[in-house]
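Trainee: I'm new to this one. Could you walk me through it?

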Amino acid sequence: MIRYPEFVGKVAIVTGAGSGIGRAAACAFARNGAQVVVSDIDDEAGAETVRLIEAAGGEAAYRHCDVALLADHQAAVAFAESRYGGLDFAFNNAGAVAPKVPLAATPEQMFDLIIAVNVRGLAAAMGCQIAAMTARGGGAIVNNASTLAHVGLAGRAVYAGSKGSVVAMSRGAAVDCGPANIRVNAISAGTTDTGEMRPLFDEIADKPERQAAVRAMQVVNRWAQPEEIAEPVLFLCSEGASYITGTSLAVDGGFTSR
Amino acid sequence: MTAIYPEFEGKTAMVSAAGDGIGRAAAIAFARNGARVVVTDINPQSGQETADLIKEAGGTALFFRCDVAEDTDNREAVAFAVSEFGKLNYAFNNAGLTSPRIPLVEASGEFVDRQIGVNTKAFWSAMRHQIPAMIDQGGGAIVNSSSILAHVGLAGKSIYSATKAAVIGMTRGAAIDYGPQNIRINAICPGTTETAMLRNRMKEIGDDDAQLNAIRAQQVINRWAQPSELAEPALFLCSDGASYIVGATLIVDGGYTIR
């Protein structure tokens, strides 16, 4: 279904596009006529997303990107420019998750990894993307934060801190690049059926009571499909969101409402 | 260019204060996507004009006069939607009462009651009739209009701010209560928008560029919004694309509140 005719001929980068929310967003961008740079750390998964898009008649190309690395972001943006002539939209979706560990027990190595990917890597990504969008005359960036930027959960303090930084950095970047006609927003996705959640889903696969408990964390009593997170991301990139910048949109089935 | 929502085809939407500004833009956008629209307004002339504009463009709309501060009007507006179009799927509770700048101590009891009546109690009244109608047909979506002043202060607007913060609280609470019945309830917080109110203010300002520029510069993106820029997010929140957005607040303010 084409929702956003203005996406035809535009260029989008999606990180972590080899699976889950990133794959759903890449496919949705392409379905609406955008040319998509699919980036991921997993080359096979990323190539599969490109195959899916091409099979549906869309345009996409894969580019390996470890989002912790500035050089990889530079290369991905340069690739978008050389292959498709510029960059209009970026969905910085990839992030690092950590096992549940209380803050005082968090190993330094885990702390460094979370911050390197979720905070430092995002700054690197946006730095490259904003430069390219400025050259183009404008653009839109959506960053994947988390419900845990807004509410606490046992054993997730460091992760929550990194995602709180995503919200704050989105806001700050929006202030900086508003004059360049670049909008920057964050989404805070709730429980979604993705690979990231797979360990939990596997663990509770034969435990109906625990499944019910995970569902009941949401007002809507279910977890999300990746497409339900991807759609708001596309909306925030669309012309309909032309007056939305620096904000954080909760897409969580009501998880943070209570 | 505006988004396309095929899922609105054949659905019924009601929009309050749809005689002008954001409400009119939303009513027109709903109709363009195939929804049948109940246009409500306190002003019969402007409301009827919106319905006529929709019909001239080939859409389906009917005007129903509604003072949102009157519970009877809200009840009858919902009954009208159901009797004319068979059901109610979406409601955009957009009507509100602006406020002159009055420091809290100088605000009269009547003033406070009126602000609360239109900007808070009216949302309870509208939703208490909309929700059962939506449950009757299997679910729906409601978008309530709050304000950026629910999040930041402005001199002389303490009462208005309080009423609009209450809209967010009521939205969140109602979303929890009726989520299980497949009704999604969210709020939007519009910033500076070119509505009749802003146009009046601009008439007073005349061609004083310094003042106009100061109004623009309150936004990160250095301009005020056109009504359609608020209507589009309201439509998105009603759409299937927002199926996992519940009890949320979407700030649509060009960056007014972020610094």
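Mentor: Sure, starting with a term: two residues are in contact if their C-beta atoms, placed from the backbone, lie within 7 Å. This is a predicted model, where local features need pLDDT of at least 70, side-chain atom pairs count only at pLDDT 80 or more, and totals for chains, interfaces and linings use all residues. Residues are numbered from 1 along each chain as its sequence is written, with chains lettered from A and ligands numbered from 1 in the order in which they are written.

Trainee: How many residues does the contact take from chain A and from chain B?

Mentor: Both chains chip in. Chain B gives 34 residues, and chain A gives 38 residues.

Trainee: Which helix of chain A gives the most to the side that touches chain B?

Mentor: Helices (H or I, at least four residues) and strands (E, at least two) are DSSP runs, numbered from the N terminus. Helix 5 (157-177), helix 8 (226-237) and strand 7 (248-251) of chain A each supply at least two residues of that side. The top giver, with 5 residues, is helix 8 of chain A.

Trainee: Which strands stand at the edges of the chain B sheet?

Mentor: Strands pair if DSSP finds at least two bridges between them. The open sheet in chain B has 7 strands with parallel pairing, in the order 3-2-1-4-5-6-7. Each edge strand has a single partner strand, so one side of it is left without a neighbour in the sheet: these are strand 3 (60-65) and strand 7 (249-252) of chain B.

Trainee: What is the bridge partner of B:Arg36 in strand 3 of chain B?

Mentor: Strand 2 (residues 36-41) of chain B runs parallel to strand 3 of chain B, joined by 6 bridges. For B:Arg36, the partner is B:Thr60.
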